[in-house]
Amino acid sequence: MPHKCTKCGREFRDGSVEILRGCPSCGGKKFLYVSDRVRNEDVLAEKSIEKIAEETKQEVLEVQKPASRPTDILGRVESVRIVGKGSYELNLERLADTQDIIIGMGNDGKYMLDLNSMSKKRSSQKKR
Amino acid sequence: MAAFLRIKGFFNKLFGKKRSRVGIYGPPNAGKTTLANRIVRDVTGEALGPASEIPHETRRARRKEGVEISAGAGSKLMIDIVDTPGVTTKIDYHEFLEYGMDQDEAVARAREATEGVAEAMHWLREDIDGVIYVLDSTQDPFMHVNIMMIGIIESRKLPVIIVANKIDLPDAAPQRIKSAFPQHPVVEISGLEGNNMDALYSKIAEVFR
């Protein structure tokens with residue numbers, strides 16, 4: 001039995017992994033698992049997929065946005081992000097690469113810069 | 001015993017001889033402190049620091065200077081051993097609450113652990129000459145933090161020995177670690193039981209010379 005996109009009605013064969021990235025036609029994220037009995041109801045009876053879902057009491061599946069992975073912090077400017085009280089994300093590559101200390105505060109683009117650590121870097125470069 | 005160990009730190013300090021500083025890195029609870037204690041205890045009977053099952057027990061780098069590693073056939077090497085906090089990309093105080101800590105204690109521990117990891121990573125930049133990367137043989141070696149750390153160590157061109165620790169446990173699979181990092185020497189040991197430590201000492205003398 002196939003899945004249908006609730007937005008545009010495009011049909012996907014059973015077990016299709018395409019839908020994990022959303023509908024390639026319309027970008028829809030919700031899909032209904034339709035039985036052969038109601039498979040063509042959307043065209044023949046001019047019902048919306050939501051209506052079919054209602055009638056069949058089949059749950060509409062929504063593709064979830066993948067959870068953010070630790071690699072996401074690689075492109076960030078800060079060495080440590082304070083996510084909340086007692087919760088931290090560490091950018092290991094940045095910590096290993098530079099002496100600069102940049103602290104990210106939450107997820108709203110606030111940063112704290114340790115200017116002292118940055119000036120130290122310049123003086124050590126001068127020595128070389 | 002094929003290998004024997006002793007301290008000659010005093011004389012080296014006296015004559016200013018340069019020693020390799022070897023950092024023991026790895027994810028939390030891989031057995032870094034247990035291994036560091038094993039190495040130091042083999043030499044002096046002392047311990048470098050307390051080990052526990054609670055993650056981030058080590059929150060500051062601890063160092064033992066002037067450990068002489070001998071691997072038979074006159075092969076000797078003087079090193080400084082640095083035990084570092086477990087390296088991770090996320091530290092959250094909630095993980096400590098399940099070990100019976102109160103919230104304030106757990107929050108303080110998270111902050112200290114974060115500072116400790118930052119310090120250990122800074123050390124990797126300029127204060128460490130070689131790395132013993134410790135992995136728990138019962139865990140998946142393909143964890144993101146391991147791949148990232150090995151990449152960082154390689155980019156710094158630091159010599160590295162990967163230790164497949166905890167081989168005394170029944171579900172240990174050190175072969176997975178060998179398959180994951182075929183480009184580096186892997187030594188299977190049990191830091192707790194002291195199994196196969198001679199092989200590790202031989203490898204240290206060979207790689208960090």
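This is a short talk on helix 2 of chain A and on where chain A meets chain B.

Okay, ground rules. The model is predicted, so local features need pLDDT of at least 70 and side-chain atom pairs count only at pLDDT 80 or more, while totals for chains, interfaces and linings use all residues. Residues are numbered from 1 along each chain as its sequence is written, with chains lettered from A and ligands numbered from 1 in the order in which they are written.

Let's start with helix 2 of chain A, residues 49-56; helices are DSSP runs of H or I, at least four residues, strands are E runs of at least two, and both are numbered from the N terminus. Which residues are buried here? A:Ile49, A:Ile52 and A:Ala53, where buried means 20 or more other C-beta atoms within 10 Å of the residue's own, exposed means 12 or fewer, and C-beta atoms are placed from the backbone. They sit on the same side of helix 2 of chain A because they cover an arc of only 100° around the axis, taken from the directions from the helix axis to the C-beta atoms. The face turned away from that buried side has the exposed A:Glu54 and A:Glu55. After helix 2 of chain A comes A:Lys57, with a positive phi near 55°.

Now the interface. We have 16 residues of chain A in contact with 21 of chain B, contact being C-beta atoms, placed from the backbone, within 7 Å. On the chain A side, strand 6 (87-90) and helix 3 (92-97) each supply at least two residues. Strand 6 of chain A runs antiparallel to strand 5 (residues 90-92) of chain B, joined by 3 bridges; pairing takes at least two DSSP bridges. There, A:Tyr88 stands opposite B:Ile91.

Note on methods
Contact = placed C-beta atoms within 7 Å.
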